[in-house]
Amino acid sequence: MLFCLTPALAQNGSAQGTLAQVKARGHLVCGVSGGVAGFSIPDSQGQWRGLDVDFCRALAAAIFDDPAKVRFIPQSSAARFTALQSGEIDVLSRNTTWTLSRDTAAMNFPVITFYDGQGFLVRKSLAIMSVKQLDRATICLQQGTTTELNLADWFRTRGLTYKVVTFANSEQTLGAYESGRCDAYSTDKSSLYGERLKTAHPDEHVILDEAISKEPFAPGVRQGDDQWRDLVAWTHYAMIDAEEAGIAQANVEEMRRSALSPDAKRILGLEGKYGEGLGLTTDWAYRIVRHVGNYGDSFERNVGAQTPLKIPRGLNGLWNQGGLQYGPPIR
């Protein structure tokens, strides 16, 4: 089921003045997933970790010069949009796909933070190498996502049949898959890397190479507040531009002392007053990199080759390195 917002929801909880509200409150309120490995999940000490979490910490760093000034509220697939529209959260950073129906239903998606696609987890013993081999298969998936519609489109277009079994959350979906109720578990490929690790015997399962959809993940904000939309977008762009300029968390202080390129100086707040248009200080982007890092820092820390997930950079590489991540210039 694709959850859509209604115009009535748009009128509840106006987004006007979100930055002022956040500053007055003293912290950001960020809606995240309850447990997607590498994106938003509490660690053994109860500290939130992940790519989506880092984005919210970066936003808090830009505003407060303190990445800890953010409160994380887990959101289910079905409830996440209502939480945003009601004003319960300031921003939704929860592996959410940007679609037309969602974009036109009283919310905005300022920027794509992760390019993904829908995939399939299957048992190696089935010797399935292609999605087409799932003809007449039973597939488990989670309710309240784009997954079910993508399946219907893909299988119908190819004249294939399947049976779908839906569940309220990822824990129930994975449990059903592991118990043998279905032949495959389908969701975003990024999530499947983490779901596979949760199985009793991860080596007995494989994620198929194919993706059957485009899943551009983007943070969500309420419509009607251009300043907040811009700030959310430019938080991500600052992380991309910093990586392209070679400014990382490990060298940001040295770069600030010795940067020669005009691009680097603008990113580090040494030239111009580009934070003013966002309602921030001139060193807003420097704050992000100092506290959280650039996009590559966050990617490698949470989902990259040195993590258990080992998700390839792929489409999420920089534009000049074969990927799609492209930050407009800060100038």
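The buried residues of helix 13 are covered by elements that include strand 3 (48-49), helix 3, strand 7 (114-116) and helix 9. The structure is a predicted model, in which local features require pLDDT of at least 70, side-chain atom pairs count only at pLDDT 80 or more, and totals for chains, interfaces and linings use all residues. Residues are numbered from 1 along each chain as its sequence is written, and side-chain values use heavy atoms, with hydrogens and water left out. Helices (H or I, at least four residues) and strands (E, at least two) are DSSP runs numbered from the N terminus.

**Helix 13 and its contact with helix 9**

Tyr-295, Gly-296, Ser-298, Phe-299 and Asn-302 of helix 13 are buried. Here buried means under 20% relative accessible area, exposed means over 50%, and partly exposed lies in between (1.4 Å probe, protein chains only). These buried residues span an arc of only 165° around the axis, so they are on the same side of helix 13. The arc is that of the directions from the helix axis to the C-beta atoms.

Helix 9 (residues 226-244) packs against helix 13 (residues 295-302) at an angle of about 95°, and their axes are 7 Å apart. Helix 9 is therefore roughly perpendicular to helix 13. Angles of 65 to 115 degrees are classed as roughly perpendicular, those under 35 as roughly parallel, those over 145 as roughly antiparallel and the rest as oblique. The axes are lines fitted to C-alpha atoms, for helices over the stretch in contact, and angles run from 0 to 180 degrees between N-to-C directions.

Helix 9 contributes His-236, Met-239, Ile-240 and Glu-243 to this contact, and helix 13 contributes Tyr-295, Gly-296 and Ser-298. Contact means heavy atoms within 4.5 Å. By class, the contact of helix 9 with helix 13 comprises three nonpolar, three polar and one charged residues. In this scheme Ala, Val, Leu, Ile, Met, Phe, Trp, Tyr, Cys and Pro are nonpolar, Asp, Glu, Lys and Arg are charged, and the others, Gly among them, are polar.

**The three-stranded sheet**

An open sheet of three strands has parallel pairing and the order 4-1-5. Two strands pair if DSSP finds at least two bridges between them. Strand 4 (70-74) and strand 5 (91-92) are the edge strands, each pairing on one side only. Strand 1 (residues 28-32) is joined to strand 4 in the parallel sense by five bridges, and Gly-31 has Ile-73 of strand 4 as its bridge partner. Helix 3 (residues 51-64) packs on this sheet and touches strand 1, strand 4 and strand 5, with its direction at about 150° to that of strand 4.

**The five-stranded sheet**

A further open sheet has five strands in the order 10-9-11-8-12, with mixed pairing. Its edge strands are strand 10 (162-167) and strand 12 (205-207), each of which pairs on one side only. Neighbouring strands of this sheet are turned by 30° against each other on average, direction ignored.

| Strands paired | Sense | Bridges |
|---|---|---|
| Strand 8 (residues 118-123) and strand 11 | antiparallel | five |
| Strand 9 (residues 137-142) and strand 11 | parallel | two |
| Strand 8 and strand 12 | antiparallel | three |

Strand 11 (residues 184-188) is mostly covered, with five of its five residues buried. Towards strand 8, Ala-184 is the bridge partner of Val-122, and Asp-188 stands opposite Gln-118. Towards strand 9, Tyr-185 stands opposite Cys-140.

Strand 8 is likewise mostly covered, six of its six residues being buried. Gln-118, Phe-120 and Val-122 point one way from strand 8, whereas Gly-119, Leu-121 and Arg-123 point the other way. In strand 12, His-205 is the bridge partner of Arg-123.

Helix 6 (residues 147-157) lies across strand 8, strand 9, strand 10 and strand 11, at about 175° to strand 10. Helix 8 (residues 189-198) lies across strand 8, strand 11 and strand 12, at about 130° to strand 11.

**Positive phi values**

Asp-65 is not a glycine, yet has a positive phi of about 60°. Asp-65 lies in the loop between helix 3 and strand 4 and is partly exposed, with a relative accessible area of 27%. Lys-310, also a residue other than glycine, has a positive phi near 55°. Lys-310 is placed in the segment after helix 13 and is exposed, with a relative accessible area of 52%.
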